[in-house]
Every structure is written in C-alpha cells, then in structure tokens.
Amino acid sequence: MSRPAKEISSAPITPRPASPNTTAGAGAPPVSCPPSQFHSPSLSRSPLLNGEGEEGGVKRPSKAPKTPVRTPRLSLTPRFITPLGSPVRKALRLTKLDPQDAWAWGVICLTLAFIWQLYTLWILVQLHESVENGVRYSRYLQLFGLTFGEKLTKLLALFPILYLSAGTCSTLIIIGGSTGRSFFELICGTECSRDLTTTEWYLAFTCVAVLLSQLPNMNSIAGVSLVGAITAVGYCTLIWVVSVTQGRLPMVSYDPVESGSQVQHMFSVLNALGIVAFAFRGHNLILEIQATMPSSEKHPSHIPMWKGVKVSYTTIAACLFPLAIGGYWAYGHLIPADGMLTALFMFHSQDVSKFILGLTSLFVIVNAVSSFQIYGMPMFDDLESQYTSRMKKPLPWWLRAIMRAVSGFLCFFIAVAIPFLSSLAGLIGGIALPVTFAYPCFMWLKIKKPKVFGPMWWLNWALGLLGMGLSAITVAAGVYVVVDTGVDVSFFNPK
C-alpha cells in the first residue's frame, strides 16, 4: 500500500527524526506546537505521524379505542424508536404549546444555542489542520495564539478555559460525591451503623478521579470516555422516561415565576441563558480529540471527525431535549434547584423501584468520574507546559503524577469551600461563553478571510459580536443573582 505524497503532520510532544522511508523528504513542514510544549504528555498524538501504525411506581392507565383501526405506516421513524419516543409525545400532547408559556421560550433558546454551538464546532473541526503548511493544531489555546497572538491568548482565552476546567471539575466532585452518598443510603438503608459525611464522600470521589487522571492524554482515556458517554445516555434516558411515565405532579404550574422587580426578573432570565451556555461547554477539547485521528492530504481528519460529531450530537440531542421537555412537563415550577436527579428522588422515591433509582445514581457517579478526566485535561496540560517551557526538558512521570494529584485535590478544596458552586453555573457559563460561541467565529474570519460582505463574513461577524455581548450581560446577570437574589451561601459547609 503506497503512502500519500504529502501528509499533514500532527503537533507531537517530542520532535521526531526524519525517517529514511518518508516520501516527504527533508522539506517536511515543521511541527505546530511551540518548544515550550514539546514534552507535554497531555497532548494527544496522531497515530499516523509518519504514515505508520494502524487505522485505528404506579402507572396510570391510558384510554384506548376498543376496536383498533389499522392505518398505513407513513412515518419514516424506525419502529424500535417508538417505545422511547412515546413518553415525549405524551408530554407534548398533554401540554399546550402556548407561546406565552415560559417553557416554550426555554426550548427555543435551547434549540438556538444547540445549533449555534454545533456551527462553531464545525469551524474548529475545519481549522484543526492547515493543508497549506501541513500543520495540525491540537489545542484550542494553540489555535487561538496562532490567530490573535500570545498576549491576547493569555488575556482573553487562558483564564476562561482554565476557569471552566477547574469549575467543571469542582462541580463534578460535588455531583459525584453527593450522588455517591445518596446511592449508599439507598442500598444500605437503615442497616448502616455509620454514614460518611458529605465532605468524606467528596474526598472518596476525588481519590478515584485523581487515580484515573494519571492516564497521560486523550488517546489513553478513550475507553474511559466511552464508558462516560454510555452512562450519560443511560441516566438521562432513565430520568426523563421515569419522570414522564409517572405523570405530572399535582398542582404543577407552568406560569413564569415573577418575584421581585422587572429588573430582577430580567437578570434571572439572562442568568438562565448563562446556564444554557454552561451546558454546552467543551469546545476547547475538540481539537485534542481530533488530534488522536490519523490525517493525510488524501484522507484529512476533518471528514471522519465531522461524521463522528454528527453522530455524537444527535445522541446528545436525543438525551438533552427529552430531559428538558419531559422534565419540565412533569415537575414544572416544583423542580428543585439541584435538578432532575434530585426531583426523581424527592417525588418518586416511593413509587420507583430501588433498582432503577440505584442504577440511575450509579450511572451519574461513573459519568462524573470519567468526565473529570476530560475536563481536567486543559488544566493538567497548562501546568505541564509551564514546566517544560521553563526547565527545557521533559516532565518526569513522578512529577506529572504529583502535579495532577495537587490539581485534583485543589478542585476538592474548591468543592468543599464553595459547595453552592452549582448555583454559580450561570456565572461560569457567561465567563466561558465566548470560548464556545464567539471565538471560533473570529478565528474563521482571521484565518479563512471570507469575502467581505459575503454570507460567511456577515454570519461570523454577527455571531461573534452577539456572543461577546451575551457574555457580558450574562456575567453581569450571574453576579447580580449571586449578590442580590438569594444564593444559599454556605462556605465550607457541604450538605
């Protein structure tokens, strides 16, 4: 099998000597990462850098007609999807789609945000590799630095990415530790002689997460990521199916909750948009994931990568939208601040079997542990890059283990010190919003240079400026909500 005449080289950790069998010769393009990052083990390598390697409760009875009438099947929906789709159709059928209902606007905002972030994800997939100079950009910060320079990278991109990484990892510790305690109490019941405190559950979760964080890069955590994806689909599906099949709670209302002045209501809405933005975090990791795929001039990585993105985001939509629509239909204004899992335990712990509740909790815990590795990778990588840039030598394995352990336990300290971190999701989402919704648009304008006043020029300028504006107002709204509207502040008192 002949090799392509020209290959797009990845940004490897350690510069490799030219192989005598390589057809590109001595004029091969330089590697893309700066010298300070040559020895960072967090960077995912492409398996084919030099053309080598392999390709790698109680149910409510429903009224049905006595004599069923057969009708021709006109829908193209596969039959095996029907059992899963029927609870959502039930929710949509029983809920009037009144534009004045608060949840209708929520679904519209969620849909627009989903489409917007999918477009900016497409931009990053396309910008991952440069055919002109044969370079693959395997980090978000690296691509941002190429586009806008190192000073703007440190000013505009580094803080939001590290803030998002540490904030997400701390939130995962809170979720995983709290769910672990609920799971233990569910399984053990009243027979347990002594239960761990919430802080101790946070610590137990952190120890497991830190142990798994010793896997060096994106290639090595592929299996962990797969397990996390399967469990995410599992717990999302279980939560919304159980919630919808159990039916709406008595006295459920869908009227907008308007407390306080119009200004307070407006800031609450904007803070909710920040929470939606926080839900779509993770764009800064797409380049490292794509770097694990082989790429050449004939077979560029962006083609299979985009196919994978479409499949994965179809799955995400199949989990996210039923969870949002079915959950709000079932609980309405009664849904607790901690979310759907808490609502499931709060309202259906006596109606649903312990097996279902326990399986859902277990899925949440496993997903939180696996997600910790993915969202923590930018934090680990920055620390390791700082070492290699200053010391000018590879990072020893034992020092990498210590640095990652310190990072993990720092997130544990944040989780214990600020256990109400989930209440700050709107603020975190607002700060990190440009990373997902705005910066990719400006990168496209700077690198691809679309025709001035053309469709792509207008689209990216509009989305980029809108994203920056939304970031400013959602940050202001998040701060306002934290200061003025009653966040339950309980420093060093996790419950």
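## A buried valine in α2

A residue counts as buried when its relative accessible area is under 20%. In this predicted model, V125 has a relative accessible area of 0% and is therefore buried. V125 belongs to helix α2, which covers residues 102–127. The C-alpha atom of V125 lies 7.2 Å from that of M305, although the two residues are 180 apart along the chain.

## Helix α9 and the residue after it

Helix α9 takes in residues 302–331, and its 30 residues reach 41 Å from the first C-alpha to the last, which is close to the 44 Å expected at 1.5 Å a residue. The residue that follows α9 is G332, and its phi is positive, near 55°.

## The largest cavity

The largest cavity in the model has a volume of about 120 Å³. Its lining is made up of R139, Y140, L141, I161, L162, N284, L285, E288, P378, D381 and D382. Sorted by class, these lining residues comprise six that are nonpolar, one that is polar and four that are charged.

Three helices, α3 (140–148), α4 (150–188) and α11 (354–391), each supply at least two residues of the lining of this cavity. Of the contributors, α11 gives the most, with three residues.

## A buried arginine in α12

Is R404 buried or exposed? With a relative accessible area of 1%, R404 falls under the 20% limit and so counts as buried. R404 sits in helix α12, which spans residues 397–417, and its side chain is joined to that of E384 by a polar contact of 2.9 Å.

## Positive phi in two loops

Which residue in the loop between α6 (222–245) and α7 (262–279) is of interest for its backbone? M251 lies in that loop, and M251 has a positive phi of about 65° although it is not a glycine. The relative accessible area of M251 is 74%, and since a value over 50% counts as exposed, M251 is placed in that class.

A further positive phi is found at K392, which is likewise a residue other than glycine and has a phi near 60°. K392 is located in the loop between α11 and α12. With a relative accessible area of 64%, K392 is exposed.

## Aromatic pairs and a cluster

Counting ring pairs whose centres lie within 6.5 Å, the model contains 17 aromatic pairs. One of them is formed by F442 and W461, whose ring centres are 5.7 Å apart and whose planes meet at 70°, so that the pair is classed as edge-to-face, the term for planes over 60 degrees apart. This pair links distant parts of the chain, with F442 in helix α14 (residues 439–448) and W461 in helix α15 (residues 455–484), 19 residues apart.

The two partners fall into separate accessibility classes: F442 is buried, with a relative accessible area of 15%, whereas W461 is partly exposed, with a relative accessible area of 34%. Both residues also belong to one aromatic cluster, which is formed by F442, F453, W457, W458 and W461.

Key:
Residues are numbered from 1 along each chain as its sequence is written. This is a predicted model: local features need pLDDT of at least 70, side-chain atom pairs count only at pLDDT 80 or more; totals for chains, interfaces and linings use all residues. Side-chain values use heavy atoms; hydrogens and water are left out. Helices (H or I, at least four residues) and strands (E, at least two) are DSSP runs, numbered from the N terminus. The expected span of a helix is 1.5 Å times one less than its number of residues. On a 1 Å grid over the protein atoms alone, a cavity is a set of points where a 1.4 Å probe fits but cannot get out, and a pocket is an open set with protein on both sides within 12 Å along at least five of seven lines; lining residues have an atom within 4 Å of a point. Grid points are joined across faces, edges and corners, and a volume is the space filled by probe spheres set on the points. Ala, Val, Leu, Ile, Met, Phe, Trp, Tyr, Cys and Pro count as nonpolar, Asp, Glu, Lys and Arg as charged, and the others, Gly among them, as polar. Buried means under 20% relative accessible area, exposed over 50%, partly exposed in between (1.4 Å probe, protein chains only). A polar contact is a pair of N or O atoms within 3.5 Å; within protein, one must be able to donate a hydrogen and the other to accept it, and residues adjacent in sequence count only if both atoms are side-chain atoms. Rings of Phe, Tyr and Trp (its six-membered ring) pair if their centres lie within 6.5 Å; planes under 30 degrees apart count as stacked, over 60 as edge-to-face and the rest as tilted.
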